[in-house]
Amino acid sequence: MIALVDCNSFYASCEQVFRPDLKGKPVVVLSNNDGCVIAANKEAKALAYIPMFQPVYKIKKELKENNVVCFSSNYTLYSDMSQRVMNTLREFSPLVEEYSIDESFVDLSGHSKSQVIETAYEIKHRVKKYTGIPVGVGVGNTKSLAKLANRYAKKLAENEGVFVVDSEEKRIELLKWTKVKDVWGIGRKHAVRVEKTGAKTAYDFAKLPVAWVRKNMTVIGERLWRELQGEICNELTILPSAKKGIGTAKSFGYKLTDYGLIEEACAFYIAEVADLLRQQGSAAGKIEVFLTTNSFSNTDKQYRNRTIITLDTPSSSTIKLTKLALKGLRKIYRPGYRYKKVGVNLFNIMPKDNLQLGLFDVREKIENEALTKAIDLLNDRYGKNKVKVATVGNREKEWALIKEHRSPRCTTQWIELLEVS
DNA sequence: TCTGGGGTCCTAGGACCC
DNA sequence: TCTGGGGTCCTAGGACCC
C-alpha cells in the first residue's frame with residue numbers, strides 16, 4: 001500500500017507554527033510581489049470570498065475588514081519546514097517519494113491491514129508533534145487512489161484527516177464521492193470532455209471504455225483510469241531525477257523601462273539557475289531568454305519576445321552563460337515599453353563529466369572551471385552572491401520583488417531566530 | 001496603481017535519412 | 001503516365017501538477 005501525506009494549507013501552517021498568537025485567526029500567504037493569494041488557512045477559507053489566485057488589490061478591503069493576517073511568501077522558511085516533515089516521514093519507510101514541497105508518497109508495503117491503519121494515524125500524529133504542521137493521510141493500492149483518499153480524508157470531517165482504501169467497498173465509496181473535475185490528473189479541459197459523456201464522478205469515469213480514455217486523454221489518462229481500478233501504473237521513485245530544464249522568471253517589483261536594470265535582473269537569474277545546474281552536476285546546451293510587458297494592462301503597449309541560444313559546448317559556468325544570455329537579451333530588447341518580466345531557461349541538460357568537447361574548448365573549459373569553483377566556495381562561505389558577475393550590479397532594490405510582509409526566517413538564519421520571553 | 005512561479009509528460013508534424 | 005516505406009530526431013503546443 002502507498003500513503004500520500006499532504007500538509008494542510010502548508011505555507012499558512014508554516015507561518016502559524018512560529019506565531020501561536022494567530023491560532024484561530026484567518027491567515028493568508030501571498031505570491032511574489034504580494035500579488036495574489038496562494039495559500040489560506042481554514043479560517044481564511046471559511047470567508048468564502050478568498051479564492052486562490054485572487055489578486056490582492058481586488059480584495060484588500062475584505063482582508064482588512066476581517067482582520068486577515070497577510071504574509072509575503074518566505075520560501076526559505078517553507079523549504080526548511082518541508083525537509084523537517086520529509087525527515088519525519090522517513091522514519092516510517094525508507095521509500096519516500098517527495099512529490100512536491102508539501103506532499104510525499106510513503107511506501108507501506110509489507111504492512112498488514114491493521115498495521116496500515118495504525119501507521120496512517122501515527123504519521124499524522126508524529127508529523128504534527130515533531131514539526132507543528134498538520135497533515136492529511138490517504139492510503140491506497142496506487143498513487144492515484146492514495147491521492148483521492150487524501151482529499152476525501154481532509155474534506156470529510158468525520159474521516160479526521162485519514163482515509164484508507166483497503167477494500168472494494170471503500171474504493172467504490174471514494175470514487176462515487178469524488179467529482180470528475182476533482183480527480184488528480186483531470187484538469188479543466190479534460191473534465192469538460194469527460195462530463196460530456198455523462199460521467200459525473202470518478203466512479204463513472206472509471207466505467208468509461210478504456211479506448212475512449214486513451215483516444216481523448218492520451219496514455220496519461222489511460223494510466224490514471226487503470227490506477228483508479230487498483231492497477232499500479234506509476235511506481236514510487238526515491239531519487240529525484242536530474243532536472244530536464246531549469247528556469248526562473250519573476251515579475252519585477254516595478255515596471256521597467258531601463259535596459260540596464262533588466263540586464264541586471266537577467267544576469268541575477270542566470271547566476272541562480274547556473275548554481276542549481278552545478279548542484280546537480282550538469283551542464284546546459286541551450287539557453288532561452290524571454291522578455292515581456294504586462295499582458296493584463298489595457299493601456300500599456302504590448303511586446304513579448306524570446307530567443308534561444310545554442311552553445312557550442314554545454315556549460316555550467318555562470319560567466320559563460322551570462323555572456324550568452326545577455327547577448328540574447330540585447331537581441332530581443334526594444335526600447336519604449338514598460339517591461340514586467342524577464343526570464344531564463346536552461347535546456348539540453350546533460351551530466352557534466354561526459355561532455356563532448358568542441359575542438360577549441362579545452363583550454364577555456366579548464367580556466368572557467370577553476371574560477372567557477374573558487375566563486376562557489378566563496379559564496380558558500382560568505383553568503384549567496386557575495387561574488388558575482390559585474391553586470392548583476394547593486395541596484396537590486398530597483399527591480400527585485402516586493403515583499404512587505406515577510407516573516408523571519410527563524411529556522412535558517414541565526415539573526416532571525418525566534419525570541420521567547 | 002496593483003494579477004505567481006516552477007515543473008513534467010505526451011503528441012503531432014516537419015525535417016531529414018536510407 | 002507512373003513517384004514507397006520505414007525510421008529518427010527535434011520542436012511547438014497542449015494538458016496537467018503543485
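How many residues surround DNA strand C, and which are the closest? In this predicted model, 16 residues surround the strand, and the closest are Lys 147, Gly 185, Gly 187, His 190 and Lys 286.

## DNA strand C

Where the protein comes within 4 Å of DNA strand C, 100% of the strand's atoms belong to sugar or phosphate. Two polar contacts to phosphate oxygens of this strand use the protein backbone: a polar backbone atom of His 190 lies at 2.7 Å, and a backbone N or O atom of Ile 186 lies at 3.4 Å. Ser 100 uses its side chain instead, with an N or O atom 3.1 Å from a sugar or linking oxygen of DNA strand C.

Strand E5 (96-100) and helix H8 (188-196) each supply at least two residues of the surface near DNA strand C. H8 provides the largest share, four residues. Sorted by class, this surface has eight charged, four polar and four nonpolar residues.

## DNA strand B

Around DNA strand B there are 25 residues, of which Phe 53, Thr 248, Ala 249, Ser 251 and Lys 340 come nearest. Of the atoms of this strand within 4 Å of the protein, 67% belong to sugar or phosphate, and the rest belong to bases. The surface near DNA strand B is made of nine nonpolar, eight polar and eight charged residues.

Phosphate oxygens of DNA strand B are approached by both backbone and side-chain atoms. A polar side-chain atom of Thr 248 lies 2.4 Å from one such oxygen, and a backbone N or O atom of Gly 247 lies 3.1 Å from a phosphate oxygen of the strand. For Lys 341, a polar side-chain atom lies 3.3 Å from a phosphate oxygen. The elements giving two or more residues to this surface are helix H10 (210-229), strand E9 (246-256) and strand E12 (339-351). E9 gives the most, with seven residues.

## Helix packing: H6 with H7

The axes of helix H6 (residues 143-155) and helix H7 (residues 168-177) come within 10 Å and cross at roughly 70 degrees. Angles of 65 to 115 degrees count as roughly perpendicular, so H6 and H7 are roughly perpendicular to each other. On the H6 side the contact is made by Leu 145, Leu 148, Ala 149, Arg 151, Tyr 152 and Lys 155, and on the H7 side by Arg 171, Glu 173, Leu 174, Leu 175 and Trp 177. By class, seven of these residues are nonpolar and four are charged, with no polar residue.

## Helix packing: H1 with H4

Helix H1 (residues 10-17) packs against helix H4 (residues 75-89) at an angle of about 90 degrees, with the axes 10 Å apart. H1 and H4 are therefore roughly perpendicular to each other. Phe 10, Tyr 11, Cys 14, Glu 15 and Val 17 of H1 meet Tyr 75, Leu 77, Tyr 78, Met 81 and Ser 82 of H4. The contact comprises eight nonpolar residues, one polar and one charged.

## Aromatic pairs

The whole structure contains 17 aromatic pairs. One of them is formed by Phe 105 and Trp 184 and is tilted, with 6.0 Å centre to centre and 45 degrees between the planes. This pair links distant parts of the chain: Phe 105 is in strand E6 (residues 103-107), whereas Trp 184 is in the loop between H7 and H8, 79 residues apart.

Notes:
Residues numbered from 1 in each chain as written. Chains lettered and ligands numbered in written order. Predicted model: local features only at pLDDT ≥ 70, side-chain atom pairs only at ≥ 80, totals over all residues. Heavy atoms only, no water. Near = heavy atom within 4 Å. Polar contact = N/O pair within 3.5 Å; in protein donor to acceptor, adjacent residues only side chain to side chain. Nonpolar A, V, L, I, M, F, W, Y, C, P; charged D, E, K, R; others polar. Axes fitted to C-alpha atoms, helices over the stretch in contact; angles between N-to-C directions. Parallel < 35°, antiparallel > 145°, perpendicular 65-115°, else oblique. Contact = heavy atoms within 4.5 Å. Phe/Tyr/Trp six-rings, centres within 6.5 Å; stacked < 30°, edge-to-face > 60°.
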